[in-house]
Amino acid sequence: MTKDYNVIWIDDEWDKMTEFKDECEDLHIHLQPFSYQKAAMDELDKHPNSWDAVLLDGEIKDKSEHEEPSTKGLLKALMYLAEKHKQIPRFISTGKDKVKDNEMLKDEHIYIKDIDDEKLFDDIRNTIDNIERFKVKFFYTDAIEQLKFIDAWCCEKILDILEAMHSPEKEIDPLLYYNPLRQTLEYIFRKANKANIIPHEFIGKEKDDVNLSQCVQFLSGGNADWIGIRFGGAKESVVPTHIRNMMFQVLNLGNINSHSRTLNDDEQKKLGMYFKENVCNSHYLIYSLALQICEIAVFMGKYIAANNDFSKNIRQHKTFGTIEKVEGNEAICVIKSKRPGRESCICISAEYATSKELVGKKVVVIEERRNNDIATKEAYPYFAARVQSLEKENGSK
């Protein structure tokens, strides 16, 4: 498996150094160039965990393109890195020998362009390889790539847990991570919704608006009763049983702390004490949940990539309900559905329903269309051409 190194590069003449950049790319050192240090530091502040190292020229511009490059710009960048991002390794590569004689740079390892390039490349890779967080990123590459795509903040929280699992000296408070795990599940469902795998009815526009439990029901081939939609017919699902169980495990433990804000002070105190004494003190549990989130992210990432036909995905969103009765002279069978955004009842042929002994049973609508019958379409705008019983799946009433 290839290791990729993401490096911020500050050099006002970077656009003239095509050969240098190509050599880095050949070694999977991916340089993101900046002409002045302020822009580079802003990027590092915004995405501190996206970068593995910083490479600086010996003389760089400070705050704008219009300045002259100088050692002052370099020193300001080094001071900022030491104060705000000391965990990120830095390397200085310069074409000017005088930079090496600067007393303020005596503790820095300075590389001479063209002469020391090979050593610079080796040192960049070797230094990053020995950073614990980078080791973890590499070890869980497939999961981390999916999590970065899902949400950068959640990805970093998962990395915190995995790094602590691999580094006994790094301590984390498990209590701080149950909710981020739950939020990660939410963002996974939002990505599935953008691919029309999860219907829009399950997903709100605002944060905390995702109906997580109904999403899990839908993905696992269950009946999402609050929404009135299921995935496909009986025995069809997006996720296998073990992924379903992992989702519910993350959801249930994450919910304990997420919903405490709706309780009064005494209830919050009791719940907090119970959670801390009986659940949160277990580092093993939080490690386990992080690994389960990795498994869920990898599975769903592959599923979303393999099922990129949005219209086909929508066709798997099936209405379900109960055929309650045969009514009226037109002999209409009524399927009560809770599906929002549409009428609560749809109809099928009474003859079809009675011949299949479906009256009183819960069914999923396999094929439906607009009801064009003049006598019934006002009351029942949708007509079910074919249904499938869900009784075997759910048991008899």
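**Exercise 1. How two helices cross**

At roughly what angle do the axes of helix α7 and helix α8 cross, and within what distance do they come? Work out the class of the angle, then list the residues in the contact.

*Solution.* Please keep in mind throughout that this is a predicted model.

Step 1. Find the two helices: α7 covers residues 152–166 and α8 covers residues 178–194. Their axes come within 9 Å and cross at roughly 135°.

Step 2. Classify the angle. Values over 145 degrees count as roughly antiparallel, and 65 to 115 as roughly perpendicular. The crossing therefore makes α7 oblique to α8.

Step 3. Add the hand: α7 passes α8 in a left-handed crossing.

Step 4. Name the residues. On the α7 side, the contact is made by Trp153, Cys154, Lys157, Ile158 and Ile161. From α8 come Pro180, Leu181, Gln183, Thr184 and Tyr187.

Step 5. Sort them by class: the contact of α7 with α8 has 7 nonpolar, 2 polar and 1 charged residues.

**Exercise 2. A second partner for α7**

Now look at α7 against α12. Describe the packing angle, the hand and the residues that meet.

*Solution.*

Step 1. The axes of α7 and α12 are 9 Å apart, and the helices pack at an angle of about 125°. That makes α7 oblique to α12.

Step 2. The crossing of α7 and α12 is left-handed.

Step 3. From α7, the residues are Ile158, Ile161, Leu162, Ala164 and Met165. They meet Ile286, Tyr287, Ala290, Leu291, Ile293 and Cys294 of α12.

Step 4. Sorted by class, the contact of α7 with α12 has 11 nonpolar residues, with no polar and no charged ones.

Step 5. Look back at the α7 lists. Ile158 and Ile161 appear in the contact with α8, and Ile158 and Ile161 also appear in the contact with α12.

**Exercise 3. What covers α6?**

Which residues of helix α6 are buried, and which elements are included in their cover?

*Solution.*

Step 1. Helix α6 spans residues 141–150, and its buried residues are Thr141, Ala143, Ile144, Leu147 and Ile150.

Step 2. The cover over these buried residues includes α5 (132–139), α7, α8 and α12.

**Exercise 4. Reading aromatic pairs**

How many aromatic pairs does the structure hold? Then describe two of them, Trp9 with Phe20 and Phe299 with Tyr303.

*Solution.*

Step 1. The count is 8 aromatic pairs.

Step 2. Trp9 and Phe20 are 5.5 Å apart, centre to centre, with 40° between the planes, and the pair is tilted. Trp9 lies in strand β1 (residues 5–10) and Phe20 in helix α1 (residues 18–26), so the pair ties together parts that are 11 residues apart in sequence.

Step 3. Check the accessibility. Trp9 is buried at 2% relative accessible area, and Phe20 is buried at 8%.

Step 4. Turn to Phe299 and Tyr303. Their ring centres are 6.5 Å apart and their planes are at 20°, so this pair is stacked. Both residues lie in helix α12 (residues 283–306), 4 residues apart, about one turn of the helix.

Step 5. Compare the accessibility with the 20% cut-off for buried. Phe299 is partly exposed at 24%, while Tyr303 is buried at 17%.

Step 6. Look for a cluster: ring pairs link Trp9, Phe20 and Phe121.

**Exercise 5. A contact across the sequence**

Which residues does His283 touch, not counting residues up to four places away in sequence?

*Solution.*

Step 1. His283 is in helix α12 and is partly exposed, with 31% relative accessibility.

Step 2. Outside that sequence window, His283 touches Ile172 and Pro174.

Step 3. Take the Pro174 contact further: His283 and Pro174 are 109 residues apart in sequence, yet their C-alpha atoms are 6.3 Å apart in space.

**Exercise 6. Two positive phi values**

Where do Asn196 and Glu357 lie, and is each buried or exposed?

*Solution.*

Step 1. Asn196, not a glycine, has a positive phi of about 60°. Asn196 is in the loop between α8 and α9 (212–219) and is buried, with a relative accessible area of 11%.

Step 2. Glu357 has a positive phi near 55°. Glu357 is in the loop between α14 (350–355) and β10 (362–370) and counts as exposed, at 58% relative accessibility.

Note on methods: Residues numbered from 1 in each chain as written. Predicted model: local features only at pLDDT ≥ 70, side-chain atom pairs only at ≥ 80, totals over all residues. Heavy atoms only, no water. Axes fitted to C-alpha atoms, helices over the stretch in contact; angles between N-to-C directions. Parallel < 35°, antiparallel > 145°, perpendicular 65-115°, else oblique. Left-handed = near helix turned anticlockwise from the far one by under 90°. Contact = heavy atoms within 4.5 Å. Nonpolar A, V, L, I, M, F, W, Y, C, P; charged D, E, K, R; others polar. Phe/Tyr/Trp six-rings, centres within 6.5 Å; stacked < 30°, edge-to-face > 60°. Buried < 20%, exposed > 50% of the residue type's maximum accessible area, 1.4 Å probe, protein only.
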